[in-house]
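Hi everyone, thanks for coming. Today I'd like to walk you through one structure, with a few charge pairs and some helix packing along the way. Have it open in front of you if you can.

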Amino acid sequence: MSPLRTQVVLHPDFQVGEVDRRLFGSFVEHLGRAVYTGIYEPGHPTADEHGFRRDVADLTRELGVSVVRYPGGNFVSNYVWEDGVGPRADRKPFIDLAWRTIEPNDIGTDEFLQWAEREGIEPMMAVNLGTRGVAAAAALVEYCNGEAGSRWADLRIANGRDKPYGVRLWCLGNEMDGPWQIGHKDADTYGRLAAEAGKAMKLVDPSIELVVCGSSSMQMDTFGSWERTVLGHTYDVVDHLSMHAYYEELDGDRASFLGSGTAMDRFIGRVVASADAVGAERRSDKQITISFDEWNVWYFESRFEGEKNLPLQRDAPRIIEDVYSGLDGVVVGDLLVTLLNHADRVPVACLAQLVNVIAPIMTEPGGEAWRQPTFHPFAETARLARGRALDLRVTSPAMPTARHGDVPVVTAAATWDEPVAGTADVALFLVNRSAEPVDVEVSHPGVDLVLDRGARLVADHEPAVVGPEHAAHVARTCWSAVPAPDAGTGTGVAAGTTTTVTLAPESWTAYRGSATRL
């Protein structure tokens, strides 16, 4: 049986937009073991002088994370940031109502921001608009970014940090449309509060960028109307609108799970349309962009018991520690393809989360840290995707799915980085969602394109198992190098302005290449 065939047309004159490095962000929330025994574990064999795990920091660097969002998430909506600064001996534990955990307050604003600074990561801070408001939000900006001579900046200096942190990205609360949120509000109430908080925060530091809460998912009853109402209040103040989405395989529906990238694509399109409609009504030339600051594979419906069912716990309990398969990794790679194809409107995105909690990195207290299967496509994409995303033309057969209707069999994204006019580094990302191999004809008229050796992740059919042994097994059996397209390799052939590659069934493939305009 001959493989299915599809075509991808690539030309550098047709571009989506610049790939912002902040597209490859992640998320650390005070939830489960994300902080304690995740990034931070004093006494661990690899712990640095500040108590942060060096093995986790090294994997974070390898992952290519550019931005980390903190401290939540649902956690932020009952967090008093002032209680997490100053001498540790003076800090008091409190009950985090979001995840029903005793938070020891050992890690707070200063510890996180200094960790991020040491690791070369841009922080993305969230303020509490659930149980707090304008004054506390503005005070936190002053604490982080203010110069000496004001109350909160002087408190930071008294706590040992003279130089302002210069935090640029700020979230105005978290998922305020969700009834699970502590301090949940309707769109009108939240929009008014976010506008006032944002105004005050920018009066403290006009250089900051603000992210206002969009819908928690496309399935929310208020989706669309929420964006319209909130942006009606905040359009002139904020810079980005947040999006959150998680995907999982339900009831063995593998095809729909593999089509999750199409669901994300439609979600982005609808949110962009909602934001632009508000701008058009206001006759505004300003364009609101998207901060997709929570996205991942999360087995929420099938594995998570729900936060209301959690017992009150302490000492960094194991919560939402999903283990991942090769199939999950392929879907994560496909979601990254979707984000790249919206680079003009999505400058910021955060894989949720970084360590232990639905994360690409896992740890054991006192033990090792390891890469989950979802680690590999994220790290490879963050490493290769540079410059500008290209506007590809993909002609692909469709495959039916129960949840998303017909979706393309093949999805693709490419980036073009041209530091010297006429020559460029190219990255090409290809996903085959079908259970059959697919031949992809990559047409690049007017361009001499040479694809080098690539990397491939193929889906497995085995259940995910907890522990580094399973992750290593998936890496051995599903993650591999792919030779450069060549007549003798059997994986592809290059000829003139066309390069043909064969994609394995249910796979994600990345190529690095070089190109010269003819």
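Let me begin with a question: which kind of contact do the side chains of R318 and E321 meet in? They meet in a salt bridge, with N to O at 3.5 Å. Before going further, please keep in mind that this is a predicted model. Back to the pair: R318 counts as partly exposed, at 48% relative accessibility, whereas E321 is buried, with a relative accessible area of 18%. For E321, the cut-off that matters is 20%, since buried means under that value. Beyond this pair, D20, R22, E122, R168 and E209 are joined into one network by salt bridges that share partners.

How many salt bridges does the structure hold? The count is 32. As a general reminder, side chains of opposite charge can pair when their charged atoms come close.

Two of these bridges involve helix α2, so let me take them in turn. In one of them, the side chains of E111 and R91 meet at 2.7 Å, N to O. This pair links distant parts of the chain: E111 is in helix α2, residues 109-118, while R91 is in the loop between β4 (67-70) and β5 (94-96), and the two are 20 residues apart. Are these partners buried or exposed? E111 is buried, with a relative accessible area of 14%, and R91 is buried as well, at 8%.

The other bridge joins E117 and R161, whose closest N and O atoms are 2.8 Å apart. Again distant parts of the chain are linked: E117 sits in helix α2, R161 in the loop between α4 and β8 (169-172), with their positions 44 residues apart in the sequence. Here the two ends have unlike surroundings: E117 is partly exposed, with a relative accessible area of 42%, but R161 counts as buried at 11%.

Now, α2 itself. Seven of its 10 residues are buried, so the helix is largely enclosed by the rest of the structure. Those buried residues are T109, D110, E111, F112, L113, W115 and A116. What do they pack against? The answer is β4, β7 (122-127), α3 and α4. After α2 comes G120, with a positive phi near 70°.

That list brings us to α3 and α4. In general, two packed helices are described by the angle between their axes and the distance between the axes. For α3 (residues 134-145) and α4 (residues 151-158), the axes come within 7 Å and cross at roughly 45°. That angle makes α3 oblique to α4. The crossing is right-handed. On the α3 side, A139, E142, Y143, C144 and N145 make the contact, and on the α4 side they meet R151, W152, A153, L155 and R156. By class, this contact has six nonpolar, one polar and three charged residues.

While we're at α3, have a look at L140, which lies in that helix. L140 counts as buried, at 4% relative accessibility. Leaving out residues up to four places away in sequence, L140 touches W81, T109, M125, A126, V127 and W170. Its C-alpha atom is separated by 7.6 Å from that of W152, 12 residues apart along the chain.

There is another helix pair to show you. Helix α6 (residues 225-234) and helix α8 (residues 260-281) pack at an angle of about 40°, with their axes 9 Å apart. So α6 is oblique to α8. This crossing, too, is right-handed. E227, R228, L231 and G232 of α6 and S274, A275 and V278 of α8 make the contact. Those residues divide into three nonpolar, two polar and two charged.

Let me finish with a strand. Where is S480 placed? S480 is in strand β23, residues 479-482. With a relative accessible area of 30%, S480 is partly exposed. S480 touches G454, A455 and R456, not counting residues up to four places away in sequence. Taking G454 as an example, S480 is 26 residues from it in sequence and 8.7 Å from it in space, C-alpha to C-alpha.

That's my tour. Happy to take questions!

Definitions and conventions:
Residues are numbered from 1 along each chain as its sequence is written. This is a predicted model: local features need pLDDT of at least 70, side-chain atom pairs count only at pLDDT 80 or more; totals for chains, interfaces and linings use all residues. Side-chain values use heavy atoms; hydrogens and water are left out. Axes are lines fitted to C-alpha atoms, for helices over the stretch in contact, and angles run from 0 to 180 degrees between N-to-C directions. Helices (H or I, at least four residues) and strands (E, at least two) are DSSP runs, numbered from the N terminus. Angles under 35 degrees count as roughly parallel, over 145 as roughly antiparallel, 65 to 115 as roughly perpendicular and the rest as oblique. A crossing is left-handed if the near helix is turned anticlockwise from the far one by less than a right angle, and right-handed if clockwise. Contact means heavy atoms within 4.5 Å. Ala, Val, Leu, Ile, Met, Phe, Trp, Tyr, Cys and Pro count as nonpolar, Asp, Glu, Lys and Arg as charged, and the others, Gly among them, as polar. A salt bridge is a side-chain nitrogen of Lys or Arg within 4 Å of a carboxyl oxygen of Asp or Glu. Buried means under 20% relative accessible area, exposed over 50%, partly exposed in between (1.4 Å probe, protein chains only).
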